[in-house]
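This report introduces a protein model to a reader who has not met it before. The sequence and the structure are shown first, and the description follows.

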Amino acid sequence: MNELISAKSRHRVRVLGQLLGETMTAQYGQAFLDKIEEIRRLAKIRRQDEEIDHDKLQEVLKSLDDENLISVARAFNQFLNLANIAEQAETTDDQMEYFPADSYLDQVFNKVIDTGLDPERIIETTKQIRCELVLTAHPTEITRRTLIQKYNRIASRLDVVNESDQLKATERVELERLIAEVWYTDEIRTERPTPQDEAKWGYAVIEHSFWSAVPKIWKGVDQLLFNATGTRLPLESTPIRVSSWMGGDRDGNPNVTAEVTEEVINLARWMAADLYLRDIDELLSHLSMTLCNDEITRLSHGETHEPYRVVLRDLRDSLLATRQWSITDIAPDEKVILSKNQLFDPLHACYQSLNECGMEIIAEGLLKETLIRVSTFGVTLVDLDIRQNAEKHVDLLNALTEYLELGSYTKWPEKARQDFLLEELENKRPLVPVNWETTPEIQETLNTFNLISACKAEGVSSYIISMAKNPSDVLAVVLLLRKCGVDWSIPVVPLFETLDDLENAAWTLERLLRIPWYTNYIDGRQQVMIGYSDSAKDAGQMAAAWGQYRAQEDLVAVGEKYNVELTLFHGRGGTVGRGGAPAREAILSQPPGSVRRSMRVTEQGEVIRFKYGSPALALASLDLVLSATLEASLIPPPKPRDNWRTLMDSMSATARDSYREMVQDDPNFIRYFDQGTPERELSLLALGSRPSRRASGNERGIEDLRAIPWVFAWTQKRLMLPAWLGTDKALEKHSVGKNLHIIKEMIEEWPFFQTQLDMLEMVLSKADADISRHYDEELIEDDLFPMGDAFRERMLHLVDLINQLKGQEILLQSSPAIKRSLDLRNPYTDPLHFLQIELMSRVRSLESLEHAGDSKVDHEKIDKALLVTIAGIAASMRNTG
């Protein structure tokens with residue numbers, strides 16, 4: 001079957017590539033297409049390691065003028081994007097039509113039945129299961145939204161492209177037209193998106209993907225539960241929820257203000273009302289029947305002819321009023337829908353009436369889908385997380401205590417801070433003076449709390465505290481919420497990011513839960529966020545992964561000790577170097593007991609497009625994450641054995657020390673990173689609203705570089721260093737003697753370790769020592785060559801070690817489909833790397849002339865071509881940061 005699917009995918013790639021070639025020929029002529037084919041052929045031969053002049057490819061690329069450089073880069077970039085479209089279509093062709101048959105959810109229900117689990121436990125767990133996907137605006141989506149929409153239209157037409165059938169003339173013309181639209185559209189953003197733009201992009205994903213996929217996955221779970229136990233899923237159940245950081249994440253992003261957050265919340269309300277209006281308009285054409293129960297008679301004001309339509313028209317009027325109100329500053333009138341029940345209750349009354357009057361088949365159609373949407377998306381479409389750095393709250397409280405002549409909050413020890421915060425929480429007097437004048441930065445922090453109070457927290461799901469270290473960090477936010485008028489409980493979520501913070505996370509939580517006032521406040525529920533990106537940048541991937549695992553174990557134990565229902569929020573990135581992993585494997589490899597009917601996880605950047613870019617993709621991805629959450633809740637993975645834990649402690653310590661010895665202690669490392677990767681060129685990309693570096697006087701320090709461009713830069717160079725540095729030394733040192741047997745046992749029996757090695761193998765398969773060497777030869781100073789050579793030697797040795805441990809001859813030996821995908825891309829990716837190297841060299845030479853005092857040199861065309869290569873390599877790697 002895989003071979004057949006792969007053949008279909010390859011055929012689609014060929015057809016799309018042929019149509020792209022015809023489009024390019026129409027603009028530039030046959031000679032241009034011949035040049036592209038020559039470059040592709042040279043790249044393919046280079047991969048086959050035949051006896052040819054390996055410099056030939058570089059010579060051809062060096063001969064191109066600036067204008068041709070852009071066109072050649074665009075050609076390879078767009079081919080890679082079309083290859084991605086074909087592959088995605090391959091995985092989702094039959095998903096929507098036959099779901100839930102042969103789905104992961106279907107397999108999980110069969111598995112839990114076969115294990116003999118108590119049906120009541122299956123019912124209870126399934127009813128309470130909740131996977132919350134949090135869409136974030138981290139700047140990893142490199143592709144313009146305009147092009148994403150065009151790619152989606154191409155994907156929707158691919159069902160007509162099959163080996164066995166000749167394309168009809170009209171079908172071919174339509175595909176050719178869509179590809180021409182892509183080719184003649186500039187793939188590079190000219191302006192950095194605003195937080196509002198990012199939010200609109202997130203809402204578009206909900207509109208075009210989740211709106212269709214969520215009712216589909218809900219009905220699938222309902223059917224599987226009924227088949228297994230004879231019980232139906234309650235309409236109020238929300239197995240899938242969608243939240244967002246877009247417009248709410250202000251940590252390190254001065255562009256996200258209280259005013260921006262308010263605008264984003266209102267935009268979401270407008271979009272929700274608009275989407276429900278579309279459903280109501282369609283329902284008006286469906287529910288034309290007259291037979292109804294007494295409740296519908298009452299709601300329709302005694303109307304006996306088509307009473308359902310009367311109820312729906314009233315709802316339509318309310319939604320129209322709500323949509324209009326969301327874009328004005330006026331107070332809401334009685335027609336405006338402010339709560340979920342105002343929308344759910346009339347629709348549910350229609351649903352019950354249809355069922356009571358023998359029209360179940362009608363009730364189970366669009367009406368039920370709309371009710372599922374209301375339960376899932378509410379009237380705010382998404383719930384927004386507010387995120388801010390703990391230091392901002394300290395600064396605000398310090399300004400207040402100094403103004404009130406209470407002393408300096410920043411100078412108080414933790415005990416004094418807690419005593420002050422608890423005393424203020426327990427008294428009713430105001431804390432913030434009326435008309436208090438302070439600095440604009442502190443006022444902005446205060447404005448955010450006032451906004452949460454003003455909107456009554458509708459549309460706000462939680463408050464995330466970055467770099468949380470102590471109980472006072474959490475209590476400070478609770479106090480500021482209360483003193484700004486928030487008299488209801490909002491989840492306040494500490495985010496533990498560095499390795500040290502992860503190691504102390506359980507102790508911080510325990511100190512919080514020892515405070516009676518706080519335990520009353522949370523009412524038995526606490527959420528904690530685990531940071532993956534910064535801990536990996538701080539200590540390396542292996543040490544971070546083990547630190548995250550241990551932190552979760554300890555947090556779960558503390559939650560059990562204090563009888564608190566703990567939800568772990570996983571702040572994963574898209575890449576292995578930032579904690580990324582396939583959703584199902586990532587969930588199933590969590591510590592036993594850490595997934596208890598709930599899972600909250602970030603979805604970032606281009607990962608959102610690849611996983612949720614269409615209804616079919618979204619359905620496939622939701623099937624993965626929901627089935628894994630259900631399985632981990634009902635059949636937890638085994639606890640690691642003591643000797644596994646001991647060995648992981650030793651290996652992670654070795655990995656951490658090796659990683660930090662290089663990244664933090666070697667004085668030449670920052671020079672190598674700066675010169676040998678395109679990190680400085682990445683700043684040219686209008687990726688997201690958030691700056692790539694934290695504010696600091698040290699412009700080039702690794703510690704101030706955000707985790708996303710850190711990983712992005714190494715991915716472009718194909719050295720993939722954040723994913724393996726340190727791990728190589730740990731495995732080399734410890735996979736000898738009796739430890740070798742233990743490691744092989746861990747590979748066979750421990751999901752956590754299996755996933756770590758599988759992800760390491762996957763990322764190493766994308767690495768390319770030869771490509772990275774060319775970057776060094778052209779871009780770095782001579783004294784740095786030994787560092788690059790040492791990295792490549794270590795990486796290649798790690799590849800050999802992974803193959804030995806897994807008992808295989810080559811990477812991905814057990815995953816031929818992934819290997820074929822990479823092999824397909826390489827002849828189109830390699831030219832982009834060589835182009836990028838050439839362009840970086842040209843740009844840096846021109847910059848040197850400018851710095852030497854020469855007049856400003858125009859290198860706009862070179863910059864554009866360089867950015868196209870960055871976009872193309874990102875498309876090939878299928879992730880950026």
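A residue is called buried when its relative accessible area is under 20%. Ala349 has a relative accessibility of 7% and therefore counts as buried. The model in which this value was computed is a predicted one.

**The barrel**

Eight strands form the barrel: 8 strands close in the order E1-E2-E3-E4-E5-E6-E7-E8, with parallel pairing. On average, and with direction ignored, neighbouring strands of this sheet are turned by 25° against each other. The table lists some of the strand pairs.

| Strand pair | Residues | Bridges | Sense |
|---|---|---|---|
| E1 and E2 | E1: residues 130-136 | 5 bridges | parallel |
| E2 and E3 | E2: residues 240-244; E3: residues 383-389 | 2 bridges | parallel |
| E6 and E7 | E6: residues 525-531 | 7 bridges | parallel |
| E7 and E8 | E8: residues 598-604 | 2 bridges | parallel |

**Strand E2 and its partners**

Strand E2 is largely enclosed by the rest of the structure, because 5 of its 5 residues are buried. In a regular strand, side chains alternate between the two faces of the sheet. In E2, Ile240, Val242 and Ser244 point one way, whereas Arg241 and Ser243 point the other way, and all of them are buried.

Individual residues show how E2 is joined to the strands on either side. Towards E1, Leu135 stands opposite Ser244 of E2. Towards E3, Ser244 has Leu384 as its bridge partner, and Ser243 is partnered by Asp383. Ser244 thus appears in the pairing with E1 and also in the pairing with E3.

**Strand E7 and its surroundings**

Strand E7, which spans residues 565-571, is mostly covered, and 6 of its 7 residues are buried. On the side of E6, Gln526 stands opposite Leu566 of E7. On the side of E8, His570 stands opposite Val601. Helix H24, made up of residues 541-561, lies across E6 and E7 and runs at about 165° to E7.

**The helix pair H13 and H14**

Helix H13 covers residues 307-325 and helix H14 covers residues 340-356; their axes come within 11 Å and cross at roughly 165°. Because of this angle, H13 is roughly antiparallel to H14. The crossing of H13 past H14 is left-handed.

From H13, the contact is made by Tyr308, Val311, Leu312, Leu315 and Leu319. From H14, the residues that take part are Gln342, Leu343, Pro346, Leu347, Cys350, Ser353 and Leu354. Sorted by class, this contact of H13 with H14 comprises 10 nonpolar and 2 polar residues, with no charged residues.

**Ala349 in its setting**

Ala349, described above as buried, has its place in helix H14. Which residues does Ala349 contact, leaving aside its neighbours within four places in sequence? The contacts of Ala349 are with Glu295, Ile296 and Leu299. Met542 lies 193 residues from Ala349 along the chain, and the C-alpha atoms of these two residues are separated by 54 Å.

Notes: Residues are numbered from 1 along each chain as its sequence is written. This is a predicted model: local features need pLDDT of at least 70, side-chain atom pairs count only at pLDDT 80 or more; totals for chains, interfaces and linings use all residues. Side-chain values use heavy atoms; hydrogens and water are left out. Buried means under 20% relative accessible area, exposed over 50%, partly exposed in between (1.4 Å probe, protein chains only). Helices (H or I, at least four residues) and strands (E, at least two) are DSSP runs, numbered from the N terminus. Two strands pair if DSSP finds at least two bridges between them. Axes are lines fitted to C-alpha atoms, for helices over the stretch in contact, and angles run from 0 to 180 degrees between N-to-C directions. Angles under 35 degrees count as roughly parallel, over 145 as roughly antiparallel, 65 to 115 as roughly perpendicular and the rest as oblique. A crossing is left-handed if the near helix is turned anticlockwise from the far one by less than a right angle, and right-handed if clockwise. Contact means heavy atoms within 4.5 Å. Ala, Val, Leu, Ile, Met, Phe, Trp, Tyr, Cys and Pro count as nonpolar, Asp, Glu, Lys and Arg as charged, and the others, Gly among them, as polar.
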